[in-house]
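Trainee: I would like to understand the words people use for helix packing and cavities. Could we go through some of them together?

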Amino acid sequence: MGEGCTPLLTRDFAGMEVGVKPEWFNPTGSFKDRGTTVMISVLAAQGVAAILEDSSGNGGSSVAAYAAAAGIGATILTPASTSSAKVQQSRAHGAAVDLVPGTRQATADEAVRRSATTCYASHNWHPYFLQGTKLLAYEIWEDLGFTAPDAVVLPCGAGSLVLGCRLGFDELVAAGEIPRPPRLLVSQPEHCAPLVRAFHGLPEQDPRPTVAEGTAIARPVRAPEVLAAVRATGGDMVAVPEAEIGPATMELARTGLYAEPTSAQVLPALRAFRARGALDPGERVVTVLTGSALKAADAVAQLMVQAVP
């Protein structure tokens, strides 16, 4: 449906010139389309007639759209607190949307229970999803004149973006196109940062609500793989304070980038990585904005009210 080929823009953040990949240029408004197109194509070729997906929003609306295009029936499970625009988008594509009370993890648990009777097309579990997501790495390489950046800064919930980038850049190394993969620098909201805490050897902590809803995954199913990917590239992880996510959303908007709060956390993450020495001013850095704030209109409206003096 025309996914991919998003632009690489340039902005000055954290005293550095940063390449920015606005992934809302994909058909449903988020990077998830890259993986969904491959996953749904495989399921359609296998003759699957109905699927189940769990999502905090972007993954669900992406699966709903591509299932509609493929003639596959879709049921999307999503937290009851999910942005209404994302729920509306999934329903508009013809998917049945079931709102699940409680946390994002409760939605994932419900999906696993229902997978006993329906094909579970999970963007977090299905191996072919990463075969689409990895193309973001190839595209960054192409955008930079067939070279790799020194580092890529990514928001992370369950980690499909991290794993996809790791896979794509590793393939470029194996093909002899780049000498080494870029460092993967990963952020999570402090209110729900299980991967960051595990990376730094900190004890587990109960999740709290966060405006960065797309990364509010309490128990990422591929946590060991995500941690290994970051470590293998010499990367780092940081937990972004909740109080910094809203202002970052508005700051990005003031540069013309209308990113949802889930994506906007990369801005304070950039500054944190720079402060701790994980980034140097002269390095070539790319960051990914995973989805549009048009899909989180209620959350952004609330942030604007809070920003009024």
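Mentor: Happily; we will take the helix pairs in turn and then the cavities, keeping in mind that this is a predicted model.

Trainee: Why are H7 and H9 called oblique to each other?

Mentor: Helix H7 (residues 160–174) and helix H9 (residues 223–232) pack at an angle of about 50°. Angles under 35 degrees count as roughly parallel and 65 to 115 as roughly perpendicular. The value of about 50° fits neither range, and therefore H7 and H9 are oblique. Their axes lie 9 Å apart, and H7 passes H9 in a left-handed crossing.

Trainee: Which residues make that contact?

Mentor: On the H7 side they are Val-162, Leu-163 and Arg-166, while H9 brings Glu-225, Val-226, Ala-229, Val-230 and Ala-232. Sorted by class, the contact of H7 with H9 has six nonpolar, no polar and two charged residues.

Trainee: What makes H6 oblique to H7?

Mentor: Try the same reasoning. The axes of helix H6 (residues 135–143) and H7 cross at roughly 55° and come within 6 Å. That angle is what makes H6 oblique to H7, because the parallel range ends at 35 degrees and the perpendicular one starts at 65.

Trainee: How do you know that H6 and H7 meet?

Mentor: Contact means heavy atoms within 4.5 Å. Leu-136, Ala-137, Tyr-138, Ile-140 and Trp-141 in H6 meet Leu-161, Cys-165, Gly-168, Phe-169, Glu-171 and Leu-172 in H7. By class, this contact of H6 with H7 has nine nonpolar, one polar and one charged residues.

Trainee: And why are H2 and H3 described as roughly parallel?

Mentor: Helix H2 (residues 58–70) and helix H3 (residues 84–92) have axes that cross at roughly 15° and come within 8 Å. Since angles under 35 degrees count as roughly parallel, H2 and H3 are therefore given that name. Their crossing is left-handed. The contact is made by Asn-58, Gly-60, Ser-61 and Ala-64 of H2 with Lys-86, Gln-89 and Ser-90 of H3. In this contact of H2 with H3, one residue is nonpolar, five are polar and one is charged.

Trainee: Now the cavities: how many of 30 Å³ or more does the structure hold?

Mentor: There are four. The largest cavity has a volume of about 240 Å³. Of the 22 residues that line the largest cavity, Phe-31, Lys-32, Gly-157, Gly-214 and Thr-215 are the closest to its centre.

Trainee: What classes do the residues of that lining divide into?

Mentor: The lining of the largest cavity has six nonpolar, twelve polar and four charged residues. Gly counts as polar by definition.

How values were computed. Residues numbered from 1 in each chain as written. Predicted model: local features only at pLDDT ≥ 70, side-chain atom pairs only at ≥ 80, totals over all residues. Heavy atoms only, no water. 1 Å grid on protein atoms, 1.4 Å probe; cavity = no way out; pocket = protein on both sides within 12 Å on 5 of 7 lines; lining within 4 Å. Points joined across faces, edges and corners; volume = space filled by probe spheres on them. Axes fitted to C-alpha atoms, helices over the stretch in contact; angles between N-to-C directions. Helix = DSSP H or I, 4+ residues; strand = E, 2+ residues; numbered from the N terminus. Parallel < 35°, antiparallel > 145°, perpendicular 65-115°, else oblique. Left-handed = near helix turned anticlockwise from the far one by under 90°.
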